[in-house]
Amino acid sequence: MRTTLRPRKTAVAITAFTAITALTLAACGGGGSDKDPGEAGPSGGALPLKGEKIEVAAVWTGPEQENFTKVLKEFEKRTGATVTFVPAQDPIVNFLGTKIAGGSPPDVAMLPQVGAIQQAATQKWLKPVGPEGKAQLAANYSRGWQELGAVDGTQYGVYFKAANKSLVWYNSAVFESAGATEPKTWKEFLTTAETISAYGVTPVSVGGADGWTLTDWFENIYLSQAGPAKYDQLAKHTIKWTDPSVTAALTTLGELFGKPALLAGGTSGALQTEYPVSVTQTFTGGDTPKGAMVFEGDFAAVNIAQTKARIGTDAKVFPFPTVGTGTTPVVTAGDAAVALKDTKGAQALLAFLASPDAAKIWAAEGGFVSPNKNLDPSAYPNDVQREIAKALIGAGDDFRFDMSDQMPQSFGGTPGKGEWKALQDFLKNPKDIAGTQARLEKDAEKAYRAAAKS
């Protein structure tokens with residue numbers, strides 16, 4: 001999951017969009033019809049899709065797949081369609097390319113990167129969102145989230161699952177026993193880490209085996225330290241990775257990565273720890289876990305739920321600390337539904353996924369944040385999740401999307417290559433800042449040049 005997780009303003013509910021078409025009425029209906037699916041009219045909350053088969057591809061596994069399946073089951077109940085979840089490999093663009101080449105693409109796919117949407121659209125794989133889906137987007141989403149799913153003015157994506165990726169989760173028992181407090185700045189964060197280390201618990205759990213977690217570390221530091229304008233420039237590669245602002249961000253990150261004693265398992269342990277384990281090992285072992293803090297998005301709640309820790313009591317969270325004179329970063333990510341077949345079923349599913357009803361189903365399960373501004377916050381299972389969601393919605397259009405997810409996938413979203421590999425090498429040797437920048441720039445230049453030619 002790169003979905004990907006960032007607080008301002010108060011979310012404002014607006015009147016739900018009504019009286020459009022049969023598709024939209026079904027998507028926004030109260031709870032489905034008691035009649036046989038497909039037999040009820042629009043006012044009964046069902047669509048005439050009985051007998052239609054829809055395949056939906058996504059890279060989600062485990063609890064995420066289970067929760068998304070619950071959303072698809074509700075769609076089946078309302079419409080009479082049969083929906084099959086197709087497990088996809090990461091990177092999903094490569095998976096879809098193989099399916100398309102073989103003449104058997106899924107009807108809908110969940111794409112976890114803005115760059116993936118742009119690449120798929122450029123390849124002419126995608127079908128534009130229909131009028132019903134567009135109406136749902138206009139009613140329920142801020143302009144920023146709509147634009148993330150558009151390419152050259154054409155709407156292709158419906159962002160269903162978002163993430164606030166500027167959060168640090170911590171074991172409250174450790175903090176209390178060590179006398180540590182929630183830090184607000186990077187300097188305070190390092191001091192807190194040292195305090196916890198002196199108490200006898202390794203302070204920071206890092207899932208370095210998954211390179212995307214390291215890009216999230218870099219992006220939060222970079223956004224806070226360099227500012228949004230530089231962030232946008234680096235995301236578009238209009239400034240180079242050898243820029244002094246990148247030097248400064250890596251230097252800051254090295255203040256943590258350069259102290260193996262502060263990392264659970266040391267450097268080698270961090271590089272061998274996969275993201276799910278980095279979370280669960282923070283909340284097992286009582287007040288002597290392998291790590292006291294873990295940085296990642298709101299979706300970490302899914303993994304915390306696999307332990308005995310209670311969110312809000314045993315597992316608490318604070319915003320990613322500000323760096324230097326910067327502000328608190330608000331970095332987001334998300335998964336967008338796109339149609340690869342222009343069928344009635346595919347378009348109906350996109351419209352449903354853009355509705356508050358669809359978001360409500362997964363929200364109740366936890367580990368999920370919706371960019372849908374008309375989702376009632378009470379749908380979330382606890383106050384922690386509600387506050388995270390309110391922060392995301394409250395940011396309006398004032399957020400920055402995950403940088404690596406905006407880049408060509410070969411550079412920003414492929415295991416063992418590009419930014420993921422370069423930052424894993426940096427975790428291994430954080431003193432090699434210049435060498436890391438040189439490798440990043442070489443790989444980025446190659447990826448952007450290839451993307452421009454495609």
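Modeller: Buried means under 20% relative accessible area, exposed over 50%, and partly exposed in between, with a 1.4 Å probe and protein chains only. Helices are DSSP runs of H or I with at least four residues, strands are runs of E with at least two, and both are numbered from the N terminus. The model is predicted: local features need pLDDT of at least 70, side-chain atom pairs count only at pLDDT 80 or more, and totals for chains, interfaces and linings use all residues. Residues are numbered from 1 along each chain as its sequence is written, and side-chain values use heavy atoms, with hydrogens and water left out.

Colleague: OK, which residues are buried in helix 10?

Modeller: Helix 10 takes in residues 228-236. The ones that count as buried there are Tyr 231, Leu 234 and Ala 235.

Colleague: And what arc do they cover around the axis?

Modeller: An α-helix has 3.6 residues a turn, so residues three or four places apart point the same way. The arc is taken from the directions that run from the helix axis to the C-beta atoms. Tyr 231, Leu 234 and Ala 235 sit on the same side of helix 10 because their arc is only 100 degrees.

Colleague: Which residues are exposed on the other side of helix 10?

Modeller: The buried residues pack against helix 9 (211-226), helix 11, strand 11 (331-339), strand 12 (400-401), helix 18 (403-406) and helix 21 (433-453), where contact means heavy atoms within 4.5 Å. The other side of helix 10 has two exposed residues, Ala 229 and Lys 236.

Colleague: What relative accessible area does His 237 have?

Modeller: His 237 comes just after helix 10, in the loop that leads to helix 11. Its phi is positive, about 60 degrees, although it is not a glycine. His 237 counts as buried because its relative accessible area is 18%.

Colleague: Lys 124 also has a positive phi although it is not a glycine. Is Lys 124 buried or exposed?

Modeller: Lys 124 has a phi of about 65 degrees and belongs to the loop between helix 4 (114-122) and helix 5 (131-140). With 70% relative accessibility, Lys 124 counts as exposed.

Colleague: On to helix packing. At roughly what angle do the axes of helix 11 and helix 20 cross?

Modeller: Axes are lines fitted to C-alpha atoms, for helices over the stretch in contact, with angles from 0 to 180 degrees between N-to-C directions. For helix 11 (residues 244-257) and helix 20 (residues 418-428), the axes come within 10 Å and cross at roughly 50 degrees.

Colleague: So is helix 11 parallel or oblique to helix 20?

Modeller: Angles under 35 degrees count as roughly parallel, over 145 as roughly antiparallel, 65 to 115 as roughly perpendicular, and the rest as oblique. The crossing angle of helix 11 and helix 20 is roughly 50 degrees. That makes helix 11, relative to helix 20, oblique.

Colleague: How many nonpolar residues are in that contact of helix 11 with helix 20?

Modeller: Helix 11 brings Leu 250, Leu 253, Gly 254 and Phe 257, while helix 20 brings Leu 423, Phe 426 and Leu 427. Ala, Val, Leu, Ile, Met, Phe, Trp, Tyr, Cys and Pro count as nonpolar, Asp, Glu, Lys and Arg as charged, and the others, Gly among them, as polar. There is one polar residue and no charged one, and the number of nonpolar residues is six.

Colleague: How many charged residues are in the contact of helix 9 with helix 20?

Modeller: The axes come within 8 Å and cross at roughly 80 degrees, and the two helices are therefore roughly perpendicular to each other. Helix 9 uses Gly 211, Trp 212, Leu 214, Thr 215 and Phe 218, against Glu 419, Trp 420, Leu 423, Gln 424 and Leu 427 of helix 20. The split is six nonpolar, three polar and, for charged, one.

Colleague: Now the aromatics. How far apart in sequence are the parts that Trp 212 and Tyr 275 tie together?

Modeller: Rings of Phe, Tyr and Trp (its six-membered ring) pair if their centres lie within 6.5 Å; planes under 30 degrees apart are stacked, over 60 edge-to-face, and the rest tilted. Among 29 aromatic pairs, Trp 212 and Tyr 275 form a tilted one, 5.1 Å centre to centre with 55 degrees between the planes. Trp 212 lies in helix 9 and Tyr 275 in helix 13 (residues 275-280), so the pair links parts whose separation in residues is 63.

Colleague: What is the angle between the planes of Trp 362 and Phe 368?

Modeller: Trp 362 is buried at 0% relative accessibility, and Phe 368 is buried at 0% too. The two form a stacked pair, 5.0 Å centre to centre, with a plane angle of 20 degrees.
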